[in-house]
Amino acid sequence: MYIKKIILAIAILGLIGAGIFSYYIYNSIFTSNIKMEDSEKVVYIPTGATFQSVLDTLDPYIKDKESFRLVAEKKGYASKVRPGRYTIEKGMNNNDLVNRLRVGNNPVKVIFNNQERLEDLAGRISQQIEADSIELLKAFKNPEFLAENDLDQNTALGMYIPNQYEFYWNTSAEEFQQRMKKEYDRFWTTEKLEKAEQIGLTPSEVITIASIVQKETAKVDERPRVAGVYMNRFKNGWKLDADPTVIYAIKRQTQNFDTIIKRVLYKDLEIDSPYNTYKYSTLPPGPIWMPDISSINAVLNYEDHDYFYFVANVENFGYHKFAKNLAQHNRNKQEYVRWINKQGIRR
């Protein structure tokens with residue numbers, strides 16, 4: 001009888017212990033383990049992160065690291081950390097959190113436009129995905145990639161069509177570049193390629209002229225007319241005589257891309273640079289700026305007119321006055337010069 005009581009007592013203690021353990025396990029898995037006032041937080045798990053670094057990242061947001069560790073180990077996450085951008089929500093339990101970290105890598109919206117150089121683009125993109133600017137710039141200038149895609153360091157910027165795209169945060173520099181090449185090829189539809197051929201330009205040349213149009217006018221509705229001026233000059237064998245190309249030549253020569261030049265001087269027109277379209281009749285070696293899609297379309301669908309000249313319209317700021325001959329242009333130009341002198345703009 002005594003032995004039976006001992007066995008019964010042991011059995012009862014075992015059941016109690018099992019119950020306590022089960023309760024602990026249940027709480028570890030299904031009870032909320034998040035401590036934060038906001039409804040959600042975004043956390044980033046970098047490539048190569050260890051489970052300990054994940055714990056350190058989550059430390060400000062979870063109540064009990066050990067219960068999270070237990071669940072993560074049981075579900076195999078602790079030995080297989082996945083990099084990415086993750087959203088954790090108030091009220092999540094350990095099971096929810098581990099599942100989110102296993103499969104919930106959120107895409108990020110990557111936006112870029114109007115970059116002047118590959119260096120600027122690399123800096124902009126590095127603010128939005130894991131790859132840093134050095135890795136991105138190295139990929140952008142990779143000689144093998146450029147050669148394979150009929151590009152060089154002057155034309156490479158034109159491959160990146162400004163828009164909004166979705167990427168996973170842990171996208172590598174090479175993966176970003178490959179995706180952008182696919183987007184470039186997708187942008188240049190058969191219809192666009194045929195239009196470029198009809199106006200006697202390659203896609204790269206279209207983008208180069210579009211970059212000048214982009215710098216000449218911020219008014220989208222005026223861009224086809226400005227593009228028409230440059231196409232008239234180009235088709236007639238004229239030099240483009242584009243002030244923005246001279247400004248870009250100055251920046252390249254001085255390696256000071258932060259300088260602001262509001263007025264091009266006559267001495268600037270003598271700068272010996274292939275980007276100086278007052279000196280050379282050929283198109284610049286590549287874009288002087290990343291043109292918007294609207295500027296690219298403006299060149300492909302340029303306005304058919306007889307204008308060869310234009311100058312800023314001081315009566316309607318942001319727009320320009322257009323002229324068919326030099327005499328008319330000089331009258332418009334005198335009006336602009338008087339205005340700019342009155343503003344005290346010397347450079």
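Good morning. I begin with His-305, which counts as buried because its relative accessibility is 10%, under the 20% cut-off. Please bear in mind that this is a predicted model. His-305 sits in the loop that runs between α13 (293-300) and β5 (309-312). Its side chain comes to 3.0 Å from the backbone nitrogen of Tyr-307. Leaving aside neighbours within four places in sequence, His-305 contacts Arg-225, Gly-228, Val-229 and Asn-232.

Let me turn to the interior. The largest nonpolar core has 67 residues, and those touching the most other members are Phe-112, Tyr-160 and Phe-176. Helix α10 (residues 203-216) provides the largest share of this core, six residues. Apart from this core lies another, of 21 residues, including Ile-34 and Leu-97. As for Phe-176, its contacts beyond four places in sequence include Phe-112, Phe-140 and Tyr-160.

I now come to the pockets. The largest holds about 1,400 Å³ of space. Among its 44 lining residues, Glu-216, Asp-243, Val-264, Val-311 and Tyr-336 are the closest to the centre. Helix α14 (326-342) is among the elements that supply at least two lining residues each, and α14 gives the most, with eight. By class, this lining comprises 26 nonpolar, eight polar and 10 charged residues.

The second largest pocket has a volume of about 280 Å³. It is lined by 15 residues, with Arg-117, Glu-119, Gln-153, Tyr-248 and Arg-252 nearest its centre. Both α5 (118-126) and α12 supply at least two residues of that lining, which divides into seven nonpolar, three polar and five charged residues.

Thank you for your attention.

Terms used: Residues numbered from 1 in each chain as written. Predicted model: local features only at pLDDT ≥ 70, side-chain atom pairs only at ≥ 80, totals over all residues. Heavy atoms only, no water. Helix = DSSP H or I, 4+ residues; strand = E, 2+ residues; numbered from the N terminus. Buried < 20%, exposed > 50% of the residue type's maximum accessible area, 1.4 Å probe, protein only. Polar contact = N/O pair within 3.5 Å; in protein donor to acceptor, adjacent residues only side chain to side chain. Contact = heavy atoms within 4.5 Å. Core = buried A, V, L, I, M, F, W, Y, C linked by side-chain atoms within 4.5 Å. 1 Å grid on protein atoms, 1.4 Å probe; cavity = no way out; pocket = protein on both sides within 12 Å on 5 of 7 lines; lining within 4 Å. Points joined across faces, edges and corners; volume = space filled by probe spheres on them. Nonpolar A, V, L, I, M, F, W, Y, C, P; charged D, E, K, R; others polar.
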